[in-house]
Amino acid sequence: MVLDPAVELRNVTTIYSGENRPAIRNISLEINAGDYVLVTGPNGSGKTTLLETILGILKPVSGIVKVFGHDMVRSPYKARMMCSYLPQDFMKKPDEPFKVREIVAMGLASKRALGRLSRDDWKRVDEVLKLLGIDKLSDRPIGRLSGGQQQKVFLARALSRDPKLLLLDEPFSSLDDDSRRFVADLLYKLNRKGMTIVLVSHAPPKIAGLTMRVRLVDGCIAGVERCSS
Amino acid sequence: MHSWCGEMFLLTVLSASIIAGSLCGISGVLIARLRLSTLVFAIAHAALFGAAIGLFLNIDPLYTAMMLAILSSVIIGPLSDATGVPSDTLAMVMFSTYNALTFIFIFLSPGPTLAAEKVGGILWGSILAVTRTYLAVLVILAYLYALVLALLWNRFQSILFDRRLAEAEGVNTRLYVYLLTILSGVAISVSLKIVGGFLVFSLLYIPAACGFTAENIKRMILLSALIGGTSGSAGVILSFILNLPVGACIVVTATVIFIAVSIYAYIKRKQKTVF
């Protein structure tokens, strides 16, 4: 039996509405299940657009996008259930009326029928909060936390879903050095357990275990390098 | 016997105003969080247009208002997608059109044009329009509204927090937002009879503005519902005592509560800063 690739992009071009210039152009890329991919490139090179096109949040004007064999233009929801996403613009305003534990639970709720959470689900939420060292922030409103703490909350939300494909947009941007090392190590361990990871970063710390590096320049792939483990 | 009938009528009107006010209060918070104010503004006027059709056809405006509000909730999104016109702009086009059509249908409705009773009933509200059947419809709708919110709360909560992230996680946010818009449209339609088309929007936003002083989303919704219900009942009593239009009395009451809540929130914030 041949397994579908985790991500398959064929001649994909995405243009933001109201713009003429494509944000990504004629991208073809195949990411296998279990890969750990780093996407780099300068600001405005199309890294975030690539992630959001993979998830089907942005619809390409041409080309085919598939995640675990699901066409992300026609039927994105089944595939998204298997994915988690850490967005780049995660910062919330101080008056945001949601607490940390609720926010992490939301990630899991979207995978459950009618969004209902069981006792085990809440246990899972608490475990992930503890794993990231933010369990003491459980009852704090998200808007009152620092940028780094907020980023960890969103990472906890992504991990609580136990995704097959984890898409991370600049996951180290607000973290201090110790937290960067901790998160990089955690991602390495998760990948070893079989999670496919696509990580976007313009200035990544030292990352162990990468299987592929993709460099984007001006919306196009400037280079793909398979890394030996 | 006469007094007993009067008491029953007052009780019916009070119950109806509490339920309608609470439904509007809940809808107001949800709409404001989702930044759908313009959309719901158009839907409110669709309900008004529906009520005018009801007058024209000489049928209960409640049902025609509800039909037009639901229809409008359902078509704005797909129409915006199909035409490429932003939904806010499209909502304003529809709002203007609904207004024009409302006036035309009021003008064409049977009987003397602008007869105070019939037109007043839909423009500035009338307690005389509150019947037991109307109260029964309100109770059923309130039950359905509460049931949908309770069943799907975690989904709605995720969308209210970050719609884009919820979508990325596999929640069909468009479907749930349509559902909320339809629920709000229905809440507006049923409130038209009491508050009137000119003021129903105030009953959506004034309680919601009070609700936003709370610290979490559930309390926001509860506070907004409570203030909507209180404004409704207190406004009805004021209207009885002062013999003034009920819709205006409800909105003025809501505004007074809003001022009191704002002062309280200000003092509380100051105290937190000091200590």
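Student: How many residues does each chain put into the contact between chain A and chain B?
Tutor: Chain B gives 20 residues and chain A gives 20 residues; two residues are in contact if their C-beta atoms, placed from the backbone, lie within 7 Å. This is a predicted model, in which local features need pLDDT of at least 70, side-chain atom pairs count only at pLDDT 80 or more, and totals for chains, interfaces and linings use all residues. Residues are numbered from 1 along each chain as its sequence is written, while chains are lettered from A and ligands numbered from 1 in the order in which they are written.

Student: Which helices of chain B are on that side?
Tutor: At least two residues each come from α7, α8 (163–168) and α11 (217–242) of chain B. Helices (H or I, at least four residues) and strands (E, at least two) are DSSP runs, numbered from the N terminus.

Student: And what kinds of residues does chain B use there?
Tutor: The side of chain B that touches chain A has 9 nonpolar, 6 polar and 5 charged residues. Ala, Val, Leu, Ile, Met, Phe, Trp, Tyr, Cys and Pro count as nonpolar, Asp, Glu, Lys and Arg as charged, and the others, Gly among them, as polar.

Student: OK, new topic: α3 of chain A. Why is it largely enclosed?
Tutor: Helix α3 (residues 100–109) of chain A has 10 of its 10 residues buried, so the rest of the structure largely encloses it. Buried means 20 or more other C-beta atoms within 10 Å of a residue's own, exposed means 12 or fewer, and partly exposed is in between, with C-beta atoms placed from the backbone.

Student: What does it pack against?
Tutor: The buried residues of α3(A) pack against β6 (83–86), α4 (119–131) and α5 (147–160) of chain A, together with α7 (153–161) of chain B.

Student: Now phi angles. What's odd about A:Glu170?
Tutor: A:Glu170 has a positive phi of about 50°, and it is not a glycine. Most residues other than glycine have a negative phi. You'll find A:Glu170 in the loop between β7 (165–169) and α6 (177–192) of chain A.

Student: Is A:Glu170 buried or exposed?
Tutor: A:Glu170 is buried, with 20 other C-beta atoms within 10 Å.

Student: What about A:Asp218?
Tutor: Its phi is near 55°, again a positive value in a residue other than glycine. A:Asp218 sits in the loop between β9 (212–217) and β10 (220–226) of chain A, and it counts as partly exposed, with 14 C-beta neighbours inside 10 Å.
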